[in-house]
Amino acid sequence: TYNFCAGPAMLPAAVMEQAQKEFINWNNTGVSVMELSHRSKDYMAVATAAEQDLRDLLAIPDNYKVIFSQGGGRGQFAAVPLNILGDKNQADYLLTGQWSKSAVVEGKKYCQVNESSILMPSTYGMVAVKPASQWQVSSKDTAYVHYCPNETIEGIEINDIPETGDIPLVADMSSNILSKPLDISKFGIVYAGAQKNIGPSGLGVVIVRDDLLDKARQETPSIFNYKLMAENDSMFNTPPTYSWYLAGLVFKWLKAQGGLTAIAEINAEKAKLLYDYVDSSDFYGNNVAAGNRSKMNVPFTLASSELDTAFLQQSQEANLMALKGHRIVGGMRASIYNAMPIEGVKALIGFMEKFERAQR
Ligand code: PLP
């Protein structure tokens with residue numbers, strides 16, 4: 001079965017097999033890793049190795065802390081303003097779709113939000129994102145600029161990284177972190193819910209620059225306070241130990257694939273296969289301009305939405321799971337995160353061809 005779910009998504013098969021093997025008796029301790037004290041030497045080694053592997057994969061500079069947090073991606077919608085507004089009371093939010101809008105809803109609870117859409121119409125009615133050189137910071141009094149480089153629902157990815165000068169840039173990379181190399185030094189904060197390219201849902205990963213650690217509002221909940229969490233190695237309270245362990249296995253798997261440059265090549269190849277097929281057919285469609293098409297989430301429509309139910313039922317029977325598009329945009333969506341092998345994409349295209357032929 002290939003699982004095209006947008007999240008929680010499939011983990012690499014090799015990771016699942018290893019986790020299964022180790023489930024009851026981890027490393028000959030006689031217990032499961034989830035039963036170890038988070039303060040034990042054994043577990044600390046698991047936690048530390050996971051952080052180091054993530055640092056290696058993303059080449060995270062020394063002046064950034066890595067926090068394994070709870071509350072997934074949305075938890076950070078609140079944690080970001082609480083931690084880094086400091087004495088300012090406004091922040092810029094760039095809009096490209098549903099997830100950047102959801103961040104605004106939360107941000108408004110804490111400050112004045114300066115919203116601006118960075119979408120623009122492109123040729124043939126396609127949707128595109130303005131080049132980063134045209135994005136504007138609203139004023140020097142803005143505390144940070146927030147954006148979402150991969151809109152999971154609409155399948156819009158932004159490859160440019162804007163220059164925001166002294167104003168920290170904050171990125172919600174829930175759905176494309178670890179899909180390609182990234183220059184962390186361009187960001188104040190990069191955060192992600194884990195359930196696409198990292199591990200189980202509920203876990204969040206926050207990469208935060210040191211100079212942003214000392215600004216939290218007094219009322220910030222302790223478990224979301226970056227400084228407190230960093231000082232306690234993300235163990236101020238009992239962390240989601242099993243999820244953290246699984247994330248660590250995923251990081252090791254990624255390293256074994258050759259790291260982010262290698263996985264980026266595979267991701268580009270998978271996405272190209274699928275978009276090329278959609279473009280070559282007049283039965284399927286995708287309305288995102290070529291330069292902004294997500295390599296992780298590929299939404300597509302059928303010639304008639306009346307065929308959606310049959311497509312979903314038959315794809316499920318062909319062991320291709322969870323292709324239903326988000327209810328807001330309709331149609332289909334194939335999420336092809338790191339763990340999706342190219343064979344899964346080929347199987348999907350094979351099914352799409354067959355389905356199309358059967359409608360003639
Ligand atoms: N941001 C993006 C881009 C997402 O895709 C998601 C979830 O799919 C979230 C935030 C929310 O993450 P969570 O459900 O872990 O809170």
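Lys196 is buried, because 30 other C-beta atoms lie within 10 Å of its own. A residue counts as buried if 20 or more other C-beta atoms lie within 10 Å of its own, as exposed if 12 or fewer do, and as partly exposed in between, with C-beta atoms placed from the backbone. The structure is a predicted model, in which local features need pLDDT of at least 70, side-chain atom pairs count only at pLDDT 80 or more, and totals for chains, interfaces and linings use all residues. Residues are numbered from 1 along each chain as its sequence is written.

Lys196 is located in the loop between strand 11 (189-193) and strand 12 (203-209). Helices (H or I, at least four residues) and strands (E, at least two) are DSSP runs, numbered from the N terminus. Leaving out residues up to four places away in sequence, Lys196 touches Gly7, Ala9, Ser174, Ser175 and Tyr337. Two residues are in contact if their C-beta atoms, placed from the backbone, lie within 7 Å. An unreviewed UniProt entry lists Lys196 as "modified residue: N6-(pyridoxal phosphate)lysine". UniProt positions follow the numbering used here, feature names are shortened, and annotations may be inferred rather than shown by experiment.

The residues around the ligand include Gly7, Arg74, Trp99, Asp172, Ser174 and Ser175. A residue is near a molecule or strand if its C-beta atom, placed from the backbone, lies within 6 Å of it. The shell around the ligand has two nonpolar, eight polar and two charged residues. Here Ala, Val, Leu, Ile, Met, Phe, Trp, Tyr, Cys and Pro count as nonpolar, Asp, Glu, Lys and Arg as charged, and the others, Gly among them, as polar.

The unreviewed UniProt annotation "binding site" covers residues including Arg74, Trp99, Thr152 and Asp172. Trp99 touches Cys148, Glu151, Thr152, Ile153 and Asp172, not counting residues up to four places away in sequence. The table sets out the surroundings of three residues.

| Residue | Location | C-beta neighbours within 10 Å | Class |
|---|---|---|---|
| Lys196 | loop between strand 11 and strand 12 | 30 | buried |
| Arg74 | helix 3 (residues 74-84) | 17 | partly exposed |
| Trp99 | helix 4 (residues 98-107) | 23 | buried |

The protein chain is divided into domain 1 (14-256) and domain 2 (259-358); such bounds come from an automatic or database domain assignment. The centres of the two domains, taken over C-alpha atoms, are separated by 26 Å. In total, 26 residues of domain 1 are in contact with 24 residues of domain 2. On the side of domain 1 that touches domain 2, strand 6 (127-129), strand 9 (156-157) and helix 6 (241-256) each supply at least two residues. Strand 6 gives the most to that side, with three residues.

The largest nonpolar core has 97 residues, of which Ile189, Ile198, Ala247, Val250 and Ile336 touch the most other members. A nonpolar core is a set of buried Ala, Val, Leu, Ile, Met, Phe, Trp, Tyr and Cys residues joined through C-beta atoms within 7 Å. Helix 6 gives the most to this core, with eight residues. Why does this core lie between domain 1 and domain 2? Both domains give residues to this core, so it lies between them. Ile336 is in contact with Lys270, Ala271, Leu274, Met296, Val298 and Val345, leaving aside its neighbours within four places in sequence.
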